[in-house]
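Trainee: I have a few labels here that I'd like to see justified. Can we go through them one at a time?

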Amino acid sequence: MKHRTEEELIGYQFGEVKERMEIAAHLKECAECREELVRIEAVFGALDTMPIPDPGEDYGERVWQRIAPRLGEKKARWWESIFVPQRLVAVGGIVALVILAFVAGRWTKPRVPVVDQADATKVRERVLVVAVGEHLGRTEMVLMELENAPEQKGQKAINISETQRRAEDLVEENRLYRQTALKEGDQAMASVLDELERVLLDIANSPEELTPAAFETIRKRIEEQGLLFKVRVVKQGLDERKANPDARPAENKTRGMERKKV
Amino acid sequence: MSLWGESRAESADLTGRGLTCLIVGMREGVGMAEEVAVSDAVAVERTLAGDRDAYRVLVERHSRTVYRMAYRMMGNTHDAEEVVQESFLRAYQKLKQFAGNANFGTWVYRIAANYAIDRLRQRNVDEARREGPSKPGEDSLEVDPLSQVRDMSPSPERLAGSAQLADRMRAALAELSPAERTAIVMRHWDGCGIEEIAAVLKSNSNATKNTVFRAVQKLRRALTPFLEGKEARAMGTEG
């Protein structure tokens, strides 16, 4: 008899499993799964006994006392006071002054040297290049760990909790860099980061202990998409840009690789 | 990949429509919940019309429910109270975004859950920066005063066992990631649906189901040895 998995039994306990009737029928037949369900229920039962300090009957009132001074006056009505007739003249004067200052500013404002703006952009680009390079380095390590994990025969579960924690940290960073790359119009970089993000998310959201088959699926995905290769090439490109900031990013370098891989 | 079916809850939007967990959490009858919602809607309208005291009704009515969730998330009273206050402040500031036909209780609950998860993430970052890897459950946890309060009926052994179990649970919860902790608090204690939890975690339903599963798995691993040992001891003393 094939036993139900822990995930199915937890889902059953939460009332969220698709095959509810089938599992109920199986539980009638299988003492081992029934015992497993009892053990799961015991954990939930224990959680229900977790004490919460009673904040007291007057808690709501105390919260109100603390926040009331911070609420301030109703913000929505600030503009109403402006339309009091006595103030209209003063407000009109201020508005006229602001318009005057704006027009005068447009005429007299010295032109900002273009060189300064270009420098600022360059500095920003350089910082980004270094940051993305470091991020790719960390991602490469995670991918390498998964790809080179030693196979142990007869092993029932592979614990990836450490790698998973690092993948979790990298997901947010990756999202930020991908969005920046998109904004900057670096499609090739955005595409590689997008692929990375999907794999990182999968790793972060997998159970801590994977079956060898599930582990192999992740490994194959990394291999088939040539992710390590792409990361290395993009990283190399960034290193070159770091060394020679005036060079343009190697457009389509990764796109070319994609075609080669496919 | 996931084996779980669709959640019973409708997907929730920013106004709080479709959120069901708080109503479940309040353990109120449908009629009573509706009455509260209508009365909340009136209080919201009055607050928006400039009657600040109307907001007091909302704060006093929903503080305790938000506090319960915040305590389970944060693990200590100080942080829980801070979450409650900040959530009601934020809700007041965003009150215009809140549609009057929704349930204010579930809306402020969502704001509190979002704020609590941000605080947990920040706390983890601060702790990691300050002292490197720590061992939760040994020195970082506040001792819950209630776990030390004497009950009238149980024996000293049982009392010690309960206090120990409470400590174990707090330690096990502290070991969860912010997302896992949010998921288990919302799913188990407050009966929220997967879509509702996913909205707070800013994730999709499959990933959220995995997060709930992972949280239960970790809690199981931490608590089962203790629960089984306790049972064995109880059987030994009976026999």
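What follows is a talk about where those labels come from.

Mentor: Keep in mind that this is a predicted model. Chain A has eleven helices and two strands, while chain B has nine helices and zero strands.

Trainee: What makes B:R110 buried or exposed?

Mentor: Count the neighbours: B:R110 has 24 other C-beta atoms within 10 Å. The cut-off for buried is 20 or more, so B:R110 is buried. This arginine is part of helix α5 (residues 104-131) of chain B. Its C-alpha lies 9.9 Å from that of B:A91, and the two are 19 residues apart in sequence.

Trainee: And B:K202, on which side of the cut-offs does it fall, buried or exposed?

Mentor: B:K202 has 10 other C-beta atoms within 10 Å. Exposed means 12 or fewer, so B:K202 is exposed. Its place is the loop between α8 (194-201) and α9 of chain B. Look at the backbone there too: phi of B:K202 is near 55°, a positive value in a residue other than glycine.

Trainee: What share of each chain is buried?

Mentor: For chain B, buried residues make up 38% of 239 residues; for chain A, they make up 22% of 262.

Trainee: How do you know how the span of α8 in chain A compares with the expected one?

Mentor: Helix α8 (residues 187-205) of chain A has 19 residues. The expected span uses 1.5 Å times one less than that number, and it comes to 27 Å. From first C-alpha to last, the helix reaches 27 Å, so by the definition its span is close to the expected one.

Trainee: Which residues of α8(A) are buried?

Mentor: Among them are A:A188, A:M189, A:V192, A:L193, A:L196, A:V199, A:L200 and A:I203. The buried set also includes A:E195 and A:N205. An α-helix has 3.6 residues a turn, so residues three or four places apart point the same way.

Trainee: Which residues touch the most other members of the largest nonpolar core?

Mentor: Of its 65 residues, those are B:A70, B:V84, B:V108, B:A112 and B:A116. Take B:V84: leaving out residues up to four places away in sequence, it touches A:V63, B:S63, B:V66, B:Y67, B:A70 and B:A112. Apart from that core lies another, of 23 residues, including A:V132, A:L143, A:M189 and A:L200.

Trainee: How many residues does each chain bring to the contact between them?

Mentor: Chain B gives 43 residues and chain A gives 37. On the side of chain B that touches chain A, the largest share comes from α9(B), with twelve residues. That side divides into 21 nonpolar, twelve polar and ten charged residues.

Trainee: Where is confidence lowest in chain A, and where is it highest?

Mentor: Helix α11 (residues 253-261) of chain A is lowest, at a mean pLDDT of 46, and helix α4 (residues 59-71) of chain A is highest, at 93. For the chain as a whole the mean is 78, and 81% of residues reach 70 or more. Residues 73-78 of chain A stay under 50, and the model gives them two contacts beyond four places in sequence. Residues 251-262 of chain A are also below 50, with 17 contacts in the model beyond near neighbours in sequence.

Trainee: What should I do with coordinates where pLDDT is low?

Mentor: Where pLDDT is low, don't read the predicted coordinates in detail.

Conventions: Residues numbered from 1 in each chain as written. Chains lettered and ligands numbered in written order. Predicted model: local features only at pLDDT ≥ 70, side-chain atom pairs only at ≥ 80, totals over all residues. Contact = placed C-beta atoms within 7 Å. Helix = DSSP H or I, 4+ residues; strand = E, 2+ residues; numbered from the N terminus. Nonpolar A, V, L, I, M, F, W, Y, C, P; charged D, E, K, R; others polar. pLDDT = per-residue confidence, 0-100. Core = buried A, V, L, I, M, F, W, Y, C linked by C-beta atoms within 7 Å.
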